[in-house]
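This report describes a two-chain model, beginning with its aromatic pairs and moving on to the chains, their contact and selected residues.

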Amino acid sequence: MIPAAFDYVRPDTIDEAVRTLHDGGEDAKVLAGGQSLIPILRLRLAFPELLVDLGRIPELRGVREDPATGSLVIGAMTTHHDVIHDPLVRRHAGLLAAATETVADPAVRHRGTLGGSLSHADPAGDLPAVLLALDGEMVAAGPRGRRTVPAREFFVDYLRTALADDEVLVEIRVPRADGWGFHYEKFSRVAQGWAIVGVAALVRRVDGRIAEARIGLTNMGSTPLRARTTEAALAGAEAVPAAVASAADAAAEGTRPATDLSATPEYRAHLARVLTRRAVLAAAGTE
Amino acid sequence: MTRFSTTVDGTRYEDEVEPRLLLVHYLRDHLGLTGTPVGCDTGNCGACTVELDGDSVKSCSVLAVQADGGEVTTVQGLATDGEWTALQTAFHEQHALQCGYCTPGMIMAARDLLKENPDPTPEEIRRGLEGNLCRCTGYQNIVRAVLAAAAEERRREAPAPRSADTGRPDTRPAPAPATAGQEART
């Protein structure tokens, strides 16, 4: 299908983008990589009057290290392809590279962006749960300047984030996860399918024990969630299959998974337990 | 209407289009380059894959105006003076198509894959073509064609071995790879 008509602007700077969004009000929408938005426009599920294309703002692309904190600073318009191949991401946030490799397919990853994917906040999207597990932060630019929102406050509801209509996500800050084992376990029925459930696991091992674990759940509610009960049970646990399986039994606690064509809530809860066990074992290196 | 200019298969175009015009419709309806088909129209099937500024993209999920100042290559821009590329030849020789609808996208996606990985395994080819659906060949011959093209391209890149009796470069086609194609065709 053909999208409904809209106006199109392509600002050169973040300030200009924010101003244009502010003037456009609720009828203006940000165009990042377009790999979710353009299909939505084509299906006429959205009717923005103005698209503000962030595709030509150089400072929104690329990965650098913050000298003060050592955190990675990823420009919101960095494509999935560039995230996967970035040496800093691979060295210090391997979970993000690994999960991004499971997003869609190579052509979509050439256009789709990390910031676009996070701002779209689809519960079945892989990267929100990853940022939650990594304790990432989002930096938003708006008419009143910049503010930093922790990942746990960024995802508000189904397709809704803490971003205001006139705010642009400009940076994603990711603390280094050096020395942490990681794994993203995704379950979908077909190649390039959305996650029916996904589990992002980070595990810090000390000798034979799990000192600390962080687990992000994809598609177990209207926002990504942390499996807090399982995380608590894993702290200090032996890195052996029986202990991990026992902790993973609590992975669906506190979640509210949806019913859709792919799965019932009960089946999703089952997947969360199984995939959490697999992801933690892989992250702990005890597969 | 928005003014934009783009280079497609080596020819530069200046145009005024509605911003909502998709790149695939620009190629087909404005430029008459119907070698790039519209498949699923949802971003899934990959039939409309083209190269934009060096990367494979699904042209149904890109606005024409986003290609402003950019360079687009379609399947129609691959051959030089009517001579097919190794990939095109391999798709023909290995029977990597039946209806042919997915073929332009398959070739453009495979081309992108071989740029990053000139010597892929069958598994890597299947992963690289994950975003391209074929509903008739069952992928077997497509994988075989990409393997054959990769071998042929590596052969062309390598210094040409000279045939002992003629002293001319060896221009025999690369042997068909033995790794794929032994399984039953579906």
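## Aromatic pairs and a charge over a ring

The model is predicted. In chain A, the residues A:F154 and A:F155 are both buried. In chain B, burial likewise applies to both B:F4 and B:Y26.

Over all chains, the count of aromatic pairs comes to two. One of them is formed by A:F154 and A:F155, which meet edge-to-face with 5.1 Å centre to centre and 90° between the planes. The other joins B:F4 and B:Y26, again edge-to-face, at 5.1 Å centre to centre and with 65° between the planes. This pair links distant parts of the chain: B:F4 belongs to strand β1 (residues 2–8) of chain B and B:Y26 to helix α1 (residues 23–30) of chain B, 22 residues apart.

Chain A also holds a charge placed over a ring. A:R214 lies over the face of A:W180, at 4.5 Å from the ring centre.

## Chain A as a whole

Chain A contains 12 helices and 14 strands. Its radius of gyration is 19 Å, close to the 19 Å that the globule rule gives for 287 residues, so chain A is as compact as a globular protein of that length. Taken along the principal axes, the C-alpha atoms of chain A fill a box of roughly 60 × 45 × 30 Å.

Of the 287 residues in chain A, 57% are buried. Chain A exposes about 12200 Å², and carbon and sulfur atoms supply 49% of that area. Among contacts in chain A between residues at least 6 apart in sequence, those joining residues at least 24 apart make up 61%.

## Two residues of chain A with positive phi

A:L159 is found in the loop between β8 (155–157) and β9 (160–161) of chain A. Its phi is near 55°, a positive value in a residue other than glycine. A:L159 is partly exposed, because its relative accessible area of 35% falls between the limits of 20% for buried and 50% for exposed.

A:N219 lies in the loop between β13 (209–218) and β14 (225–226) of chain A. Here too phi is positive in a residue other than glycine, with a value near 70°. At 11% relative accessibility, A:N219 counts as buried.

## Chain B as a whole

Chain B has five helices and five strands. Read along the sequence, these elements follow the pattern β-β-α-β-β-β-α-α-α-α.

Buried residues account for 49% of the 186 residues in chain B. The area that chain B exposes is about 9200 Å², of which carbon and sulfur atoms supply 48%. Of the contacts in chain B with a separation of 6 or more, 56% are between residues 24 or more positions apart.

## Helix α1 of chain B and its surroundings

The buried residues of α1(B) are B:L23, B:V24, B:H25, B:Y26 and B:L27. They pack against β1, β2 (11–17), β3 (49–52) and β5 (71–73) of chain B. The helix is followed by B:G32, whose phi is positive, near 70°.

B:T7 is found in strand β1 of chain B. With 17% relative accessibility, B:T7 counts as buried because the value is under 20%. Not counting residues up to four places away in sequence, B:T7 touches B:R12, B:G70, B:E71 and B:V72.

## A buried loop residue in chain B

B:L129 lies in the loop between α4 (122–128) and α5 (140–157) of chain B. Although placed in a loop, B:L129 is buried, with a relative accessible area of 6%.

Leaving aside neighbours within four places in sequence, B:L129 is in contact with B:M106, B:A109, B:A110, B:I142 and B:V146. The C-alpha atoms of B:L129 and B:G46 are separated by 8.9 Å, while the two residues stand 83 residues apart along the chain.

## The contact between the chains

The contact takes 30 residues from chain A and 29 residues from chain B. Between them, the two chains bury about 2400 Å², with 49% of it on carbon and sulfur atoms. On the side of chain B, the residues B:R20, B:Q66 and B:E130 supply 28% of the area buried against chain A, more than any other three residues.

Methods. Residues numbered from 1 in each chain as written. Chains lettered and ligands numbered in written order. Predicted model: local features only at pLDDT ≥ 70, side-chain atom pairs only at ≥ 80, totals over all residues. Heavy atoms only, no water. Phe/Tyr/Trp six-rings, centres within 6.5 Å; stacked < 30°, edge-to-face > 60°. Buried < 20%, exposed > 50% of the residue type's maximum accessible area, 1.4 Å probe, protein only. Helix = DSSP H or I, 4+ residues; strand = E, 2+ residues; numbered from the N terminus. Lys NZ or Arg CZ within 6 Å of the ring centre and 35° of its normal. Rg over C-alpha atoms; globule rule 2.2 N^0.38 Å. Contact = heavy atoms within 4.5 Å. Areas by Shrake-Rupley, 256 points an atom, 1.4 Å probe, with all protein chains shown as cover. Buried area = accessible area lost by both parts, 1.4 Å probe.
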